[in-house]
Amino acid sequence: FAAISHTAAIFNWSETSYDFGTIEKDQPVSHEFEFTNTGSEPLIITNVQASCGCTVASYTQDPIAPGAKGFVKATYNAAKAGAFNKTVTIVSNAQESPVLTLTGTVAE
């Protein structure tokens, strides 16, 4: 079997959670999570899965070279009032599958 290298693509996030505070209902809000590939191989994001249909994510489509920056932008559209906690899971060629968290409260 092949040994798994620990120097492959590695996410180094500036942050992995974001609190929108209080937001308006039916007014989409977005936050861009930035990361740097601190590994030795290009980082390739193959999929970004949101925990619900109310959250849409866009992300860097091209391979991110070692030392280069990329992003995952999450947009949340609140359909009902109250507190929320949504997650976005990143699928890539990195060892870990990072989970980004969006929180906040939707005004009545």
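# Close-up views of a predicted model

**View 1. A loop residue with an unusual backbone angle.** Asp26 sits in the loop that links β2 and β3. This is a predicted model, and in it the phi of Asp26 is positive, at about 60 degrees, although Asp26 is not a glycine. For background, most residues other than glycine have a negative phi. How exposed is Asp26, in terms of relative accessible area? The value is 46%, so Asp26 counts as partly exposed.

**View 2. The open sheet and its edges.** Here we look at four strands that form an open sheet, in the order β1-β3-β6-β5, with antiparallel pairing. Which strands are at the edges? They are β1 and β5, the latter spanning residues 55-59, and each of these two pairs on one side only. From one strand to the next, the twist averages 30 degrees. If you zoom in on β5 and β6, you will find an antiparallel pairing over five bridges. Within that pairing, Tyr59 has Val72 of β6 as its bridge partner.

**View 3. The salt bridge between β3 and β6.** Staying with two strands of that sheet, this view shows the salt bridge of Glu34 and Lys69, whose closest N and O atoms are 3.8 Å apart. Glu34 belongs to strand β3 and Lys69 to strand β6, so the pair ties together parts that are 35 residues apart in sequence. In general, side chains of opposite charge can pair when their charged atoms come close. How many salt bridges does a search of the whole structure find? The search finds one. The two partners can also be described by their accessibility: Glu34 counts as partly exposed because its relative accessibility is 35%, while Lys69 is exposed because its relative accessible area is 55%.

**View 4. Pairings around β7 and β8.** This panel gathers the strands β2, β4, β7 and β8 through their pairings. β7 and β8 make a hairpin, with six residues between the two strands. Their pairing is antiparallel and runs over eight bridges. Two opposite positions are handy for orientation: Phe84 faces Gly104 of β8, and Gly82 faces Val106 of β8.

On to the neighbouring pairings: do β2 and β8 run parallel or antiparallel? They run parallel, joined by five bridges, and Tyr18 has Leu102 of β8 as its bridge partner. β4 and β7, by contrast, run antiparallel and are joined by five bridges. In that pairing, Val48 is matched with Ile90 of β7.

**View 5. Ile45 in the largest nonpolar core.** The largest nonpolar core contains 24 residues, and Ile45 and Val72 touch the most other members. Which strands each supply at least two residues of this core? They are β1 (11-13), β2 (17-23), β3 (29-37), β4 (45-50), β6 (69-76), β7 (82-92) and β8 (99-106). With neighbours within four places in sequence set aside, the contacts of Ile45 are Phe11, Phe35, Tyr59, Thr60, Val72, Ile90, Val91 and Ser92. Some of these residues have appeared in the earlier views: Val72 is the bridge partner of Tyr59, and Ile90 is the bridge partner of Val48.

**View 6. The disulfide of Cys52 and Cys54.** The sulfur atoms of Cys52 and Cys54 are 2.1 Å apart, and the two residues form a disulfide. As a reminder, a disulfide is a covalent bond between the sulfur atoms of two cysteines. The count of disulfides comes to one. What is the handedness of the link between Cys52 and Cys54? The angle about the S-S bond is -75 degrees, and the link is left-handed. Cys54 has a relative accessible area of 23%, so this residue is partly exposed.

**View 7. Ala8 ahead of the strands.** Our last stop is Ala8, in the segment before β1. Is Ala8 buried or exposed? Ala8 counts as buried because its relative accessibility is 13%, and the cut-off for buried is under 20%. Leaving out neighbours within four places in sequence, Ala8 contacts Gly39, Ser40 and Glu41. Asn37 is 29 residues from Ala8 along the chain, and the C-alpha atoms of the two are separated by 9.4 Å.

Conventions. Residues numbered from 1 in each chain as written. Predicted model: local features only at pLDDT ≥ 70, side-chain atom pairs only at ≥ 80, totals over all residues. Heavy atoms only, no water. Core = buried A, V, L, I, M, F, W, Y, C linked by side-chain atoms within 4.5 Å. Buried < 20%, exposed > 50% of the residue type's maximum accessible area, 1.4 Å probe, protein only. Contact = heavy atoms within 4.5 Å. Salt bridge = Lys/Arg side-chain N within 4 Å of Asp/Glu carboxyl O. Pairing = 2+ DSSP bridges. Axes fitted to C-alpha atoms, helices over the stretch in contact; angles between N-to-C directions. Disulfide = S-S within 2.5 Å.
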